[in-house]
Amino acid sequence: MSAWRGYHSPSSNNIALLEASVSSSNDAPAYDETYTISWQSNASQCYATSTTGSWLGELETSGSREFVAKRKGIANYGIQCRTSINFVNASTEIEVTKD
């Protein structure tokens with residue numbers, strides 16, 4: 001399982017540290033194999049981004065989604081989460097193999 005965790009250091013001690021993480025159930029799925037992308041943040045809003053275009057738009061602040069590997073190569077799944085003017089990014093990569 002891969003994960004990248006992002007942090008944003010707030011300018012005031014009165015504001016909670018924003019955190020976000022994204023992980024994959026399988027870093028190297030085979031073509032047609034199912035894998036799960038999971039994410040979590042303590043922010044108030046999150047948005048999905050991906051290099052494949054298959055994961056875009058507003059998300060809950062935590063959850064998971066299943067995908068089927070249909071494109072050979074590297075794919076990046078990321079989130080950008082925010083609370084007011086503070087934000088944090090996190091992402092994970094998978095590499096789909098096809099024999």
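A residue is called buried under 20% relative accessible area, exposed over 50% and partly exposed in between, with a 1.4 Å probe and protein chains only. By that rule Gln-80 is partly exposed, because its relative accessible area is 36%. The model is predicted: local features need pLDDT of at least 70, side-chain atom pairs count only at pLDDT 80 or more, and totals for chains, interfaces and linings use all residues. Residues are numbered from 1 along each chain as its sequence is written, and side-chain values use heavy atoms, leaving out hydrogens and water.

**Overall make-up**

- The protein has eight strands and zero helices, where helices (H or I, at least four residues) and strands (E, at least two) are DSSP runs numbered from the N terminus.
- Read from the N terminus, the order of elements is β-β-β-β-β-β-β-β.
- The protein has 99 residues, and 34% of them count as buried.
- About 5900 Å² of the protein is exposed, with carbon and sulfur atoms supplying 45% of that area; accessible areas come from the Shrake-Rupley method with a 1.4 Å probe, and for residues only the protein chains shown count as cover.
- A contact means heavy atoms within 4.5 Å. Among contacts between residues at least 6 apart in sequence, 52% join residues at least 24 apart.

**Nonpolar core**

- A nonpolar core is a set of buried Ala, Val, Leu, Ile, Met, Phe, Trp, Tyr and Cys residues joined through side-chain atoms within 4.5 Å.
- The largest such core has 21 residues, and those with the most contacts inside it are Tyr-35, Ile-37, Trp-55, Leu-59, Tyr-77, Ile-79 and Cys-81.
- Two or more residues of this core come from each of β2 (18–24), β3 (34–41), β4, β7 (73–83) and β8 (86–96).
- Leaving aside neighbours within four places in sequence, the contacts of Ile-37 include Val-22, Trp-55, Phe-67, Tyr-77 and Thr-92.

**Aromatic rings**

- Rings of Phe, Tyr and Trp (its six-membered ring) pair if their centres lie within 6.5 Å; planes under 30 degrees apart count as stacked, over 60 as edge-to-face and the rest as tilted.
- The count by this rule is six aromatic pairs.
- One of them joins Trp-55 and Phe-67 edge-to-face, at 6.4 Å centre to centre and 85° between the planes.
- Trp-55 lies in the loop between β4 (45–50) and β5 (57–59) and Phe-67 in strand β6 (residues 62–68), so this pair ties together parts twelve residues apart in sequence.
- Both partners are buried: Trp-55 has 0% relative accessibility, and Phe-67 has a relative accessible area of 8%.
- Ring pairs link Trp-55 and Phe-67 with Tyr-35, Trp-39 and Tyr-77 in a cluster.
- Trp-39 is placed in strand β3 and is buried, with a relative accessible area of 7%.
- The C-alpha atoms of Trp-39 and Ser-62 are separated by 5.3 Å, with their positions 23 residues apart along the chain.
- Not counting residues up to four places away in sequence, Trp-39 touches residues including Ser-21, Val-22, Trp-55, Leu-59, Ser-62 and Ile-79.

**Charged groups**

- A salt bridge is a side-chain nitrogen of Lys or Arg within 4 Å of a carboxyl oxygen of Asp or Glu.
- The whole structure has one salt bridge, in which the side chains of Lys-70 and Asp-32 meet at 2.4 Å, N to O.
- This salt bridge links distant parts of the chain, 38 residues apart: Lys-70 is in the loop between β6 and β7, and Asp-32 in the loop between β2 and β3.
- Asp-32 is partly exposed, at 44% relative accessibility.
- A charge sits over a ring if NZ of Lys or CZ of Arg is within 6 Å of the ring centre and within 35 degrees of the ring normal. The charged end of Lys-98 sits over the ring of Tyr-31, 4.2 Å from its centre.

**Strand β7 and backbone angles**

- Gln-80 lies in strand β7, and its C-alpha atom is separated by 6.7 Å from that of Ala-48, 32 residues apart along the chain.
- Leaving aside neighbours within four places in sequence, Gln-80 is in contact with Gln-45, Cys-46, Tyr-47, Phe-87, Val-88 and Asn-89.
- Asp-32 has a positive phi, near 75°, in a residue other than glycine.
- Ser-84, in the loop between β7 and β8, is not a glycine but has a positive phi of about 55°.
- Ser-84 counts as exposed, at 58% relative accessibility.
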